[in-house]
Amino acid sequence: MSNVAIDIQQLTRSYGPRRGVSDVNLKVERGALFGFLGPNGAGKTTTIRVLLGFLRPTSGKATALDLDCWRQSHTLKHDVGAIPGDLRLWPWLSGRSALKLFGRIRGKDMLRQGQSLAEELELDLSVKVRAMSRGMRQKLGLILALAHEPKLLILDEPTTALDPLMQDRLREILRRRSNLGDTVFFSSHTLGEVQALCERVAIVKRGVIVADTTVSELAAAAGHDIDIRWSAATPLPESTSLDPIVTWKSRESLAWTGRLREGELPQLLAFVAQHRSAMADLKIARPDLETLFMRFYEDDSNGEAPR
Amino acid sequence: MNFGPFNLGLVQRALREILGITLVFAGVLATISGLLAYALPRIQARFMQRQFIPPGVKQFRDAILGLDSTGAGVSEVAFAIAWSHPIVLALLSAHAIMVCTRVLAGEVERGTVDVLLALPVSRLRLLASETLAWLITAGVVLAAVYAGSYVGAQFIKPEFRPDWAKLFMVLCNLSLVYAVIGCAALLVAHYTDRRVRAVLAVIVITIFSLLINFLHTLDPALEFTKQLAFLSFLDYYKPIGMLLSGEWPWKDMGILAGACVVLWTGTAVILSRRDITTT
């Protein structure tokens with residue numbers, strides 16, 4: 001048994017002329033809380049569908065828990081709990097009958113564990129799906145994904161329709177599972193919730209992985225945002241030594257804002273020392289993660305990670 | 001929980017979805033079959049008393065029966081008509097189409113396929129389980145036709161009642177016709193993601209099949225239908241022949257069974273190879 005829960009190698013999946021994902025490489029270690037981020041239509045769900053054996057890779061390979069996701073899909077799913085992005089359940093099921101039915105299909109008692117999860121997520125198991133709100137259905141979907149105690153959880157935007165309190169409860173449950181050695185593959189288009197849960201994150205954009213790193217490394221690689229305010233009383237430097245190392249967002253007469261490349265802080269500080277008498281104010285800060293994530297969404301022409 | 005090639009949980013799930021509608025179909029079929037068994041022998045007896053059937057009527061009747069009925073008695077003709085009556089065939093076809101297009105097209109269309117396929121069951125086992133559930137309900141509706149005939153026949157003169165063993169042969173042959181329609185529906189529903197498309201496709205195939213058979217029997221000289229007649233599943237279902245001779249139509253039943261095997265295997269191949277996505 002390898003230490004890798006999910007291993008995707010050069011995975012390409014296209015839908016005829018439509019793009020799915022292209023040349024995706026991803027490794028998720030066992031026990032990890034892994035965030036899979038990307039805007040809608042980026043390729044998150046396609047990747048998940050390949051992992052669950054719904055789609056056959058056009059090229060490349062995907063394995064999970066050392067099993068091929070296409071050829072050994074049904075064996076793999078004994079140890080996988082999954083929730084789709086747009087969860088639909090059979091309307092005639094109640095929470096309790098769903099747990100019994102799924103347990104019967106899986107050949108495993110899911111009722112006891114399901115009841116405990118339902119208490120934690122505050123779901124009444126006697127209600128029929130047809131009478132459930134979207135949030136209740138989502139909770140039931142999560143309970144059905146968790147109640148057989150899978151080794152790998154593949155969750156496609158699982159917090160959809162959950163209120164903040166329940167999102168928090170879900171994160172607690174997932175952390176607990178991770179501590180027991182289970183792997184969580186958590187897809188989302190919101191960095192905030194991934195940041196609150198995951199140690200490692202991959203960002204997919206237009207079918208391509210543009211970042212695969214830890215949340216802290218991601219922040220570190222992003223450089224610094226700088227904001228310089230000049231004093232009106234003193235003459236401004238006309239051309240600066242910062243031009244090669246700063247991507248300027250705006251450079252009006254008395255307010256310069258831009259993004260400093262990672263590793264160029266000493267040069268900025270030297271510039272500040274040289275011109276400090278002319279400066280009215282200066283701000284140097286790491287971008288917050290949401291801003292950082294938005295940069296990945298920006299429509300850059302080459303699709304590479306922002307610097 | 002698996003039992004041979006079936007997953008009992010999936011069989012239970014399928015039955016939960018189709019048993020209600022099956023009981024409705026069974027009730028309607030039993031009633032219609034009973035009424036036909038009660039009324040048709042009387043009508044046929046009146047025809048025979050006149051000792052003259054206009055040639056057009058006989059030709060039309062033979063077209064429905066799929067065979068020349070000259071020399072047949074009241075009971076044979078009446079029950080052959082009852083068991084190849086368009087309403088009975090249409091209701092049986094509707095049941096097969098309704099049940100067999102649920103998976104996969106129906107599940108894709110209502111978005112539940114993601115949950116279904118996330119379960120640890122191979123696609124082949126899923127198909128086998130769905131097929132078993134369908135066959136159980138098929139047994140119910142087909143038994144209803146037989147039971148309806150039996151009950152209806154209790155209210156007619158004993159001499160007009162059919163030979164029940166021969167009628168059982170007809171039931172077996174009809175079951176295979178029903179199975180071919182169901183297997184065709186399975187195949188189309190696993191090829192397309194839209195249930196309406198699957199239903200329409202099978203309805204078109206069924207109507208084409210009925211029409212070809214009807215025209216071919218109505219006018220055997222018609223070249224166009226003569227060449228296509230072998231494609232009609234009704235070409236392999238002739239109740240009057242069985243009721244007259246009492247012989248099992250092994251060849252016809254073999255062809256229908258073969259068609260079922262080919263269609264079901266085709267479905268399995270499509271299902272095991274195809275990509276499944278709700279978007």
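Ala118(A) is buried, with a relative accessible area of 3%. I should say at once that the model I am presenting is a predicted one. The residue belongs to helix α4 of chain A, which covers residues 111-120. Beyond the neighbours within four places in sequence, Ala118(A) is in contact with three residues, namely Leu123(A), Leu125(A) and Ile143(A). Another pairing concerns Gly95(A): 23 residues separate it from Ala118(A) along the chain, and the two C-alpha atoms are 8.9 Å apart.

Let me place that residue in its chain. Chain A contains 10 helices and 14 strands. Its C-alpha atoms fill a box of roughly 80 × 40 × 35 Å along the principal axes. Of its 307 residues, 53% count as buried. If one takes the contacts in chain A between residues at least 6 apart in sequence, 67% of them join residues at least 24 apart.

Two backbone details in chain A deserve attention. In the loop between α4 and α5 of chain A (α5 being residues 134-146) we find Glu122(A). Its phi is near 55°, a positive value in a residue other than glycine. Is Glu122(A) buried or exposed? Glu122(A) is partly exposed, because its relative accessible area is 48%, and the partly exposed class runs between 20% and 50%. The second case is Glu157(A), in the loop between β7 (152-156) and α6 (164-179) of chain A. Here phi is near 45°, again positive in a residue other than glycine. Glu157(A) has a relative accessible area of 16% and therefore counts as buried, the limit being under 20%.

I turn now to chain B, beginning with its helix α4, residues 86-100. This helix has 15 residues and reaches 21 Å from its first C-alpha to its last, close to the 21 Å expected at 1.5 Å a residue. Its buried residues include Val88(B), Leu92(B), His95(B), Ile97(B) and Cys100(B). What covers the buried residues of α4(B)? The cover includes α1 (8-50), α3 (74-83), α5 (102-110), α7 (123-153), α8 (164-191) and α9 (195-218) of chain B.

Helix α5 of chain B is also the place of Leu104(B). The peptide bond leading from Val103(B) to Leu104(B) is cis, with omega near 15°.

Finally, the interface. In all, 31 residues of chain B are in contact with 23 residues of chain A. The area buried between the two chains is about 2700 Å², and carbon and sulfur atoms give 59% of it. In chain B, Val115(B), Pro120(B) and Asp275(B) lose the most area to chain A, together 22% of what that side buries.

Asp275(B) also appears among the charged pairs. Two salt bridges are found across the interface of chain B and chain A. One pair in a salt bridge is Arg13(A) with Asp275(B), whose closest N and O atoms are 2.7 Å apart. Polar contact across the interface amounts to 15 residue pairs, both members at pLDDT 80 or more.

Which elements give two or more residues to the side of chain B that touches chain A? They are α1, α5, α6 (113-117) and α12 (250-273) of chain B. The largest share of that side, seven residues, comes from α1(B). By class, the side of chain B that touches chain A has 11 nonpolar, 10 polar and 10 charged residues.

Technical notes:
Residues numbered from 1 in each chain as written. Chains lettered and ligands numbered in written order. Predicted model: local features only at pLDDT ≥ 70, side-chain atom pairs only at ≥ 80, totals over all residues. Heavy atoms only, no water. Helix = DSSP H or I, 4+ residues; strand = E, 2+ residues; numbered from the N terminus. Expected span 1.5 Å × (residues − 1). Buried < 20%, exposed > 50% of the residue type's maximum accessible area, 1.4 Å probe, protein only. Contact = heavy atoms within 4.5 Å. Buried area = accessible area lost by both parts, 1.4 Å probe. Salt bridge = Lys/Arg side-chain N within 4 Å of Asp/Glu carboxyl O. Polar contact = N/O pair within 3.5 Å; in protein donor to acceptor, adjacent residues only side chain to side chain. Nonpolar A, V, L, I, M, F, W, Y, C, P; charged D, E, K, R; others polar.
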